[in-house]
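Trainee: I am new to this one. Can we go through the labels and check each against its rule?

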Amino acid sequence: MEGNLSSHLHPQPHYSLEFDLNLPFPFPLAYTLELNTGCRDYSNFTIQTLAVIYPDSCPSRHFGIKGAREVQFTSRSTSASIQPLTEEYVEEEKSKDLPSSGNSIRQRFLKFYEAQGHKILPSASLVPDDPTVLLTIAGMIQFKPIFLGKVPREVPCATTSQRCIRTNDIENVGRTSRHQTFFEMLGNFSFGDYFKKEAIKWAWELSTVEFGLLPDRIWISVYEEDDEALAIWHDEIGVSMQRIKRMGADDNFWTSGVTGPCGPCSELYYDFHPERGFSDTDLGDDTRFIEFYNLVFMQYNRTDDGSLEPLKQQNIDTGMGLERMARILQKVPNNYETDLIFPIIEKASQLANVSYHLADNPTKTNLKIIGDHLRAIVYLISDGVVPSNIGRGYIVRRLIRRVVRIGRLLGIEGDGMGNLEGAFLPILATKVIELSPQIDLEVKSRVPRILEEIKREELRFVLTLERGEKILEQKLADSLKSAQGNGTKPCLSGEDAFLLYDTFGFPVEITTEVAGERGVSIDMHAFDVEMEKQRRKSQAAHNTVKLSVENDTDLTKDVADTEFLGYDTLSARAVVEGLVVKGNPVVTVSKGSEVEVLLNRTPFYAESGGQIGDHGFLYVNEAENQAVVAIEDVQKALGNIYIHKGTIREGIIEVGKELEATVDSNLRQRAQVHHTATHLLQAALKKVIGQETSQAGSLVAFDRLRFDFNFHRPLLEDELVEIERLINRWIGDATLLHTKVMPINDAKKAGAIAMFGEKYGEEVRVVEVPGVSMELCGGTHVANTSEIRGFKIISEQGIASGIRRIEAVAGDAFIEYVSSRDNYMKQLCSTLKVKAEDVTARVDSLLEELRMAKSEVSTVRAKAAVYKASIIANKAFSVGTTKEIRVLIECMDDIDADSLKSAAEYLLETLQDPAAVILGSCPGEGKVSLVAAFSPGVVDMGLKAGKFIGPIAKLCGGGGGGRPNFAQAGGRKPENLPTALERARTELVSILSEKAS
């Protein structure tokens, strides 16, 4: 190797040398050199490399020393200078993207397959457009409709780097070297193009040539019956039979479900310890092997009887774990210490004031969990998932809770930087976001929303965690008391330990430690049973990808895509391509039948992008047949086939016949008014509450629009007014809309916003309101904003944590809404006999009069109750021998709850301490009121009114509680009140007799 060397030396004994190296690999090296300063001949000399620094291959300056070696340099210039090696120089070199960095591995994979004719496609969202899968768990998810034959392939083969989430093995994260919740799956896919031979050949070339893995470090697994794959690996690739393993169906046969596409797999494993030889090798040994590439040969279809038949279109589905390959190439002991995750771990270490490399194993495990989970949290929230107690939101909430409690375990207080009231997750999330551009460019535009959501959830959970600590203390006290009473060893139930873990996110390790300090054990068997129940539920909740051929495949297999004409016309001639009645294909359908009609072309818009399908009619005008079909819905199936759903009003419809398809123009206008208004609403929201807000769902109907968006609080009245003002101003501007079709990349560069939940091809339709909004949208719209006429928000409310919903009306629906409200106002003015501008003052006056009247009634009722109480006070009886306690238990007919309380307070004062009063009443149909009042002397005996009245109320179909001295309860079964009061009498007399004797 030759280097360009400077000859000007300073009088220090050690120097660093700046030079260019002509190396056989394209990345820089920073050399620390030791030179003989007495040397004056620099034209040819040999120097010994003490350290070779790979700036990006070792995270956070933990540089690798690759060993000393002799390098011969030839001087080409003596004009440069040698300077001491500085930290700034190393930092500059670190910023460069080396071949072993995670970003480089991703790009090299994609470029490799692009060179083999694959189309590079973007990662799909973590929220899949598939109801059978909760989250995107594999690279093939976005191609599932193609594999099923439901949509035609747009390219013969593709390659992606797909963001994925899996939580079914969450307990292994941080504890093994390879388990993660968030990871990137590099994949190459063939849709009937190439198959087994090419897939194997390219996988080997990529691994050994592109990534430079030593061939004798790679082991291969094949399905035990797949002789074809084994022959390719051994005979054509040249892999030794000693490094090829036949494995069973559990390991090496991929299935999509009980039926459907399936096929054998072949996996590539990297051997970290080849010195262990070939005897008794187990590819599942994590200490020696890691699977880094999986090739699925989708060649069969499993039928209902379990037999396998060849697929007409054989497909390839592969997956390479990016983090796993990074671990191999960066020569680190686990996935977490790669440059993809370790910067997050380092930041967490800084907040916890610990050193990762010097930490014990439990601390390292906790730091790894934080590094992994933060990536999952950030990308899930970025893709629109917000913390909640159901579905995807529950997964985000569980991950956040886990990190918060682990941070607490590591000693992170507040934000970890001195603010005890702050949150530390946003600080770590910022580090994730810094690493995000190569993974998902959209994350940067959503930073405020991501950080705000994480901060709010963390601070909310800190309060929950504190409550969990208090509940644990109470549970331990109860366990000790119970054990003392029955002479057993104190033990906290597994159910209680699981409650603390699952509901309050309280680590069972902390529960065990705290309980042990109090001398209380934990029923871990019962805890494990509860955990297993939850684990089964979690694994059952969409952690597999289901591929199966559904009925609609057969119904429409011979029907071509429908040509949509509805942008340009509302009426067109069309041919009936198919008819379906109750799920079955038919040839003719007669009057009175509900039918699904498939046409070769249509002006009807099919439901998509939030906009509902058109309504209208299909007409057959023949001399012998005058048919009318009322269309009430239009849906898409199998990609782009329009299904017109309706009822035959007259005549007969036949396959192959021509008809006239006519859209209801009034309803279409209502829909497109609301659709354009939805675009204006999103633009106004971004102006008023911030650009980071984004759509989370929508409905465009004939009578209203509904728009869901990400935001953390209710909108203020002033904000709603400003949103309406902006939209109505844009409507009044009478702006012409522009629609055009362009490549999706050009549209995004132009600033077009993608609609929530929609998938787009290479060419997209862009709808622009110049100067206001630009969105990718296939819906129908007005030609000019003036057609909208007016816009009014009906309601704004929260529908989930971090998700708000606005409902509004525009166009004819706006006129109808305003007219109806005007009619209501006129009726109100007539009833109140005031002008419209005086209605508010009059209503306030009436409310005040009503409040005062209610107060007077309540006072009268309370006095009446006290009067009744004075009459029944003489029914009190005494309990106890050493201490006499006055007790009164009575039913007070139909007295309301507040009056019952007044009566109890009067009686307790009249009977004097010690005294106990239990009263009941039936204030209305299906209602029971109960009250328990204990004087201080009774409370001192250990009785608590709240605990006593609860079981009594259950007898009346209700419940309740309160303070030790006073409690109220209710029920729904008045017929059980006498029995409940008798039970109260028996139990109270029994307890007091024992206490006072």
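**Labels and their cut-offs**

Trainee: What makes Asp703 count as partly exposed?

Mentor: Its relative accessibility is 44%. Buried means under 20% relative accessible area, exposed means over 50%, and partly exposed is in between (1.4 Å probe, protein chains only). The value 44% falls in between, so Asp703 counts as partly exposed. The model is predicted: local features need pLDDT of at least 70, side-chain atom pairs count only at pLDDT 80 or more, and totals for chains, interfaces and linings use all residues. Residues are numbered from 1 along each chain as its sequence is written, and side-chain values use heavy atoms, with hydrogens and water left out.

Trainee: How do you know that Asp703 and Arg704 meet in a salt bridge?

Mentor: Their closest N to O distance is 3.3 Å. A salt bridge needs a side-chain nitrogen of Lys or Arg within 4 Å of a carboxyl oxygen of Asp or Glu. The pair passes, so the name applies. Arg704 is also partly exposed, with a relative accessible area of 25%.

Trainee: Why is the pair Arg805 and Asp708 called a salt bridge?

Mentor: Their closest N and O atoms are 2.7 Å apart, so the pair meets the rule. The partners sit in two strands: Arg805 in β34 (residues 803-810) and Asp708 in β28 (residues 705-710). Parts 97 residues apart in sequence are therefore tied together. Strands are DSSP runs of E, at least two residues; helices are runs of H or I, at least four; both are numbered from the N terminus.

Trainee: Are Arg805 and Asp708 buried or exposed?

Mentor: Both are buried: Arg805 has a relative accessible area of 18%, and Asp708 is at 7%.

Trainee: What separates Glu848 and Arg851 along helix α21?

Mentor: They are 3 residues apart in that helix (residues 839-872), which is about one helical turn. They form a salt bridge, with the closest N and O atoms 2.7 Å apart. Glu848 is partly exposed at 36%, and Arg851 is partly exposed at 48%. Elsewhere, shared partners join Arg163, Asp383, Asp440, Glu442 and Arg446 into one salt-bridge network.

Trainee: How many salt bridges are there by this rule?

Mentor: The count comes to 43.

Trainee: What makes a group of residues a nonpolar core?

Mentor: They must be buried Ala, Val, Leu, Ile, Met, Phe, Trp, Tyr or Cys residues joined through side-chain atoms within 4.5 Å. The largest core here has 89 residues. Among those with the most contacts inside it are Phe109, Trp233, Met320 and Leu374. Helix α9 (residues 361-382) gives the largest share of this core, 10 residues. A second, separate core has 30 residues, including Val673, Leu685, Phe709 and Ile731. In soluble globular proteins, nonpolar side chains tend to be buried together.

Trainee: Which residues does Met320 touch, beyond those up to four places away in sequence?

Mentor: Phe109, Glu184, Met185, Leu186, Leu206, Phe211, Phe292, Tyr293 and Met325. Contact means heavy atoms within 4.5 Å.

Trainee: How do you know that Ile344 is buried?

Mentor: Its relative accessible area is 0%. That is under the limit, so the label fits. Ile344 lies in helix α8 (residues 342-352). Leaving aside neighbours within four places, its contacts include Gly371, Leu374, Leu428 and Leu435. Ile344 and Asp372 are 28 residues apart in sequence, and their C-alpha atoms are 8.5 Å apart.

Trainee: Why is the link between Glu457 and Arg397 called a polar contact?

Mentor: Their side chains come to 2.7 Å. The rule asks for a pair of N or O atoms within 3.5 Å; within protein, one must be able to donate a hydrogen and the other to accept it, and residues adjacent in sequence count only through side-chain atoms on both sides. The distance passes, so the name fits. Glu457 is in helix α12 (residues 447-486) and is buried at 3%.

Trainee: Which side chain of opposite charge is nearest to Glu775?

Mentor: Lys686, 8.1 Å away. Lys and Arg count as positive, Asp and Glu as negative; His and the chain ends are not counted. The distance is beyond the 4 Å limit, so buried Glu775 has no salt bridge. A polar contact of 3.4 Å does join its side chain to that of His679. Glu775 lies in strand β32 (residues 773-776).

Trainee: How many of the 997 residues count as buried?

Mentor: The share is 50%. The protein chain has 25 helices and 40 strands.
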